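Biologist: Please take me through one part of this model at close range, and then work outward to its surroundings. I would love to hear it as one connected story.

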Amino acid sequence: MAQINLLYCMKLPEEAEAVINRLLECKSVRMNGIPIRILKLCKSALSPFLAQIFNLCIRKGTYPKSLKCAQVVTIHKGGQKDLCNNYRPISLPSPINKIFEKLLYSRLYSHIEQHNMLSEHQYGFRSGLSTSLAIYDIHENFLQNTEKGLTTCAVFCDLSKAFDTLDHEMLLWKLEHFYGIRGLPYKLLTSYLQDRQQYTVVGGYRSTTQGVSLGVLKGSSLGPLLFFLYVNDLPQASNLTPTLFADDTLLTIACADSANLQNGVNNELQKVDEWMRYSKLSLNYSKTTYMLLNSNLSQSCNFNVKINDNKIKHTTCTKYLGMYIDQHLSWTDHIHNLEIKLSRSVAMLYSSGSQPF
């Protein structure tokens with residue numbers, strides 16, 4: 001495996017200034033950090049100094065400790081607002097950290113793409129790929145199986161807090177042995193993961209900082225890419241065909257005989273579960289569902305999917321990557337939900353006195 005080259009220096013001050021230009025201003029309140037608006041106003045003066053600091057960190061393989069602290073905010077996912085499980089934590093690193101991460105991301109991603117290391121089944125946050133393309137490929141696969149007279153079993157997996165429970169030692173082992181990241185680049189990424197801290201702000205008051213020994217930041221540039229590399233070998237764990245978009249995972253298998261299909265999906269899901277345990281991730285069995293797509297759906301009542309004696313719930317329609325997929329591939333449920341959203345939006349426009357048309 002070719003060793004990654006993270007060690008080339010930045011062009012001064014062009015690269016740092018270009019990164020600052022691409023930063024998006026965050027509306028969330030932070031207790032520390034220079035506002036992005038100020039960074040953009042002072043980019044010409046700051047860029048040479050930032051580039052000099054970042055180049056020194058790259059040469060020494062050390063990530064600045066002051067940049068490894070992030071504010072955690074919560075986003076309501078739905079359901080009762082007094083239940084913690086209905087909120088998604090998002091980490092907001094400092095703007096300076098965002099600049100450094102984007103510089104490291106460009107080097108790491110360039111190495112990964114150059115050597116074609118990311119699985120073709122991973123659609124998340126990659127150039128030329130999107131949720132729309134993932135849904136299109138899924139739909140085409142389902143249609144082709146149906147035309148061949150095959151029954152498709154689609155398992156929509158729910159990973160329990162995958163970003164937050166990612167094991168650092170396992171990640172570093174995979175980076176070294178699977179992707180050729182050694183020497184100073186390895187030391188730099190190790191430093192990036194170690195001794196991280198986080199805090200939150202409630203009612204304008206900042207909490208004490210707490211150490212973080214697991215996971216990668218959802219609100220960062222490097223976090224999603226490191227997660228992709230962490231789960232990149234999942235397609236080799238079984239004969240199920242995966243579709244991956246970050247931690248949204250769909251596994252499919254097709255067969256003409258329902259009995260063989262049931263045995264096949266249960267055996268292969270056991271392999272996936274073993275891979276999850278080895279990688280120190282976990283499936284949420286209660287939220288994982290499966291769907292059968294074929295011309296004779298009456299057989300679904302006798303079809304059972306289990307993982308470690310945990311029965312997986314059967315569904316006729318589910319939401320995946322923002323789209324409602326139903327067992328008939330009719331998109332009726334998706335259109336219905338879209339109509340409801342549009343109706344609410346139009347009603348809000350009228351109530352505010354605006355004319356939508």
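**A close look at helix α9 and its surroundings**

Modeller: Happy to! The protein chain has 11 helices and 14 strands, and please keep in mind that this is a predicted model. To set the scene, the chain counts 357 residues, of which 45% are buried. Its C-alpha atoms fill a box of roughly 70 × 60 × 35 Å along the principal axes. If we take contacts between residues at least 6 apart in sequence, 71% of them join residues at least 24 apart.

The part I would pick is helix α9, residues 222-231. How many of the residues of α9 are buried? The count is 10 of the 10, so the rest of the structure largely encloses this helix. Read along the helix, the buried residues are L222, G223, P224, L225 and L226, followed by F227, F228, L229, Y230 and V231. The cover over them includes the helices α4, α6, α7 (168-179), α8 and α10 (258-278), together with strand β7. That list gives us a good route outward, and I will follow some of its members in turn.

Let us begin with α4, residues 95-114. Its axis and that of α9 come within 10 Å and cross at roughly 30 degrees. An angle under 35 degrees counts as roughly parallel, and α4 and α9 are therefore roughly parallel to each other. The handedness of the α4 and α9 crossing is left-handed. Which residues of α4 meet α9? On the α4 side they are E101, L104, Y105, L108, Y109 and I112, and on the α9 side L222, L225, L226 and L229. Sorted by type, the contact of α4 with α9 has 9 nonpolar residues, no polar ones and 1 charged. The α9 residues of that contact, L222, L225, L226 and L229, are among the buried ones too.

Next comes β7, another part of the cover over α9. Strand β7 covers residues 241-245 and holds T243. Is T243 buried or exposed? With a relative accessible area of 10%, T243 is buried, as the cut-off for buried is under 20%. Leaving out residues up to four places away in sequence, T243 touches H121, Y123, A134 and I138, as well as D248, T249, L250 and Y320.

From T243 we can step into the sheet. Strand β7 belongs to an open sheet of 5 strands with mixed pairing, in the order β7-β8-β3-β9-β12. The edges are β7 and β12 (313-314), each of which pairs on one side only. Further in, β3 (residues 151-157) and β8 (residues 248-255) pair in the antiparallel sense over 7 bridges, and V155 stands opposite L251 in β8. Helix α5, residues 131-147, packs on this sheet. It touches β3, β7, β8 and β9 (289-293), and its direction makes about 15 degrees with that of β8. A134 and I138, which T243 touches, fall within the span of α5.

Beyond β3, the chain enters a loop that leads to α6 (162-165), and K161 sits in this loop. Phi of K161 is near 50 degrees, a positive value in a residue other than glycine. At 56% relative accessibility, K161 counts as exposed.

Now for α8, also part of the cover over α9. The axis of α8 (residues 183-193) comes within 7 Å of that of α3 (residues 43-60), and they cross at roughly 110 degrees. Angles of 65 to 115 degrees count as roughly perpendicular, so that is the description for α3 and α8. C57, I58, R59 and K60 of α3 make the contact with L184, K187 and L188 of α8. Here the residues divide into 4 nonpolar, no polar and 3 charged.

The loop between α8 and β4 (196-202) holds D195. Phi of D195 is near 55 degrees, again a positive value in a residue other than glycine, and D195 is exposed, with a relative accessible area of 57%.

That loop takes us to β4, which pairs with β1 (residues 69-76) in the parallel sense over 4 bridges. Q71 stands opposite Y199 in β4. Strand β1 is also joined to β2 (residues 87-93) by 7 bridges, this time antiparallel, with P89 in β2 as the bridge partner of T74.

Definitions and conventions. Residues are numbered from 1 along each chain as its sequence is written. This is a predicted model: local features need pLDDT of at least 70, side-chain atom pairs count only at pLDDT 80 or more; totals for chains, interfaces and linings use all residues. Side-chain values use heavy atoms; hydrogens and water are left out. Axes are lines fitted to C-alpha atoms, for helices over the stretch in contact, and angles run from 0 to 180 degrees between N-to-C directions. Helices (H or I, at least four residues) and strands (E, at least two) are DSSP runs, numbered from the N terminus. Angles under 35 degrees count as roughly parallel, over 145 as roughly antiparallel, 65 to 115 as roughly perpendicular and the rest as oblique. A crossing is left-handed if the near helix is turned anticlockwise from the far one by less than a right angle, and right-handed if clockwise. Contact means heavy atoms within 4.5 Å. Ala, Val, Leu, Ile, Met, Phe, Trp, Tyr, Cys and Pro count as nonpolar, Asp, Glu, Lys and Arg as charged, and the others, Gly among them, as polar. Buried means under 20% relative accessible area, exposed over 50%, partly exposed in between (1.4 Å probe, protein chains only). Two strands pair if DSSP finds at least two bridges between them.
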